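Visitor: I have the model open and would like to know what stands behind the labels. Could you take me through them?

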Amino acid sequence: MANGNSATLTRRYNRTVVLDALRRHGSLSRIELARLSGLTPQGIRNIIEDLIDTGLVRETGRRRGQRGQPQIDIEISPGAGYCLGLHVAAGACHAIATDLAGNVLARPEARALGGDHGQQLDALGAIAREVASAADGLSRLGTGVVVSRPLASRWSATGGLAAAQADFAKPFEALFASTPLVFENDANAAAMAEYTHGRAKGRGDFLYLFLGEGVGGAIVQGGVPVHGGRGNAGEFGHMLIDPKGPKCHCGNRGCLHGSLALDGLRRLLPAGAPLAPETVPQSWLDGAASALSRALVSLENIFDPQAIVLGGTAPAWLLHRLVEKMGDPGPSVRSDMAEARVEVSGLGQSCALIGAAALPLLALTSPDPATLMKEPLVEQAAD
Ligand SMILES: [Zn+2]
């Protein structure tokens, strides 16, 4: 397929517009799809016919009780295939497989990824076989791979990281490149899980604050994570909160990271004590809630998001305590909203892994031009 063919790109774009509308709304009639997409009724009929042929969408029955011709609802077929999500952290690869509605089909044990290429291929191959067997004949529509760091980092002075990343990608490409393969960082992936299945569902412009051993974030605009000029956008942890604050590993003083990250909190716990509601020092909670509040006001003023979701690998009880302690963050462009200024994620500590499996679904349904230039998830019929 020629990526540069404008008719092909236009057709693929129109298909993703339709799939995007179906993903957002659940089910729609052809007439509603034409109205929402701006495409002609005939164009919609052709696209739906093509999508039904590929198994990606299905008709779910006629609506009753309406005047005139009853309309037939169309929806994305959850069992059209499965999405594989992989999250590589601390030398292990965690995996999940979901259908297109986000239902979990398989969640095998994490496997050590090993240091050399052969070991990595063995571990990933074993995961792939286990997932394929659990998916019971469904085909893989795509794979999302998530890592806990920026994917192209300005923190690398030598440029060595780019080479390391190419090496990192090789075993995944060897095994999973027959269907689209999307690499993303953990905060962006977790944000996309919120967008497809969580608090930000239906809200394409939002921010995600990822609280874990470090503090990261995602800026989502039009349903697409913003990567920035060199892939580092969303480093909310290095917002300067207090110029007199402690020195941060980035070289500045008083970053949000120093007040909020779990690695700092763990150092304050009594020796051997676990992170638990009764072990968190009140002084840490006060400082963290205050720093979070200042960060939120700035983020709201800069981005005016529809929502801000707080999630990450921190336990849910800690996220809720922080938000309770913070109270009202003070005036900003969003402070007249009736809704909560910040919402705690309901996806739990595996949010990045859940997001990994959401990435291929979004690649399938996103009209984002960067996604469109890649190979299609399901080969389309020739013109
Ligand atoms: Zn910093």
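**Labels around the zinc site**

Guide: Gladly! Let me begin with Cys-255, which counts as buried because its relative accessibility is 3%, and buried means under 20% relative accessible area, with exposed over 50% and partly exposed in between (1.4 Å probe, protein chains only). This is a predicted model, in which local features need pLDDT of at least 70 and side-chain atom pairs count only at pLDDT 80 or more, while totals for chains, interfaces and linings use all residues. Residues are numbered from 1 along each chain as its sequence is written, and side-chain values use heavy atoms, leaving out hydrogens and water.

Visitor: Why is His-238 called buried?

Guide: His-238 has 18% relative accessibility, so it counts as buried.

Visitor: What makes an atom a donor of the zinc ion?

Guide: Donors are N, O and S atoms within 2.8 Å of the metal (3.2 Å for Na, K and Ca); water is not among the atoms, so sites may look incomplete. His-238 (ND1), Cys-248 (SG), Cys-250 (SG) and Cys-255 (SG) lie 2.0 to 2.3 Å from the zinc ion, and they are its protein donors.

Visitor: Why is the site of the zinc ion called tetrahedral?

Guide: Four donors count as tetrahedral if all angles lie between 85 and 135 degrees. The angles among the four donor atoms here are 104 to 123°, so the site is tetrahedral.

Visitor: How are the donor residues spaced in sequence?

Guide: The spacing is H-x9-C-x1-C-x4-C.

Visitor: And what share of the protein chain counts as buried?

Guide: Of its 383 residues, 51% do.

Technical notes. Tetrahedral: all angles 85-135°; square planar, octahedral: opposite > 155°, others 65-115°.
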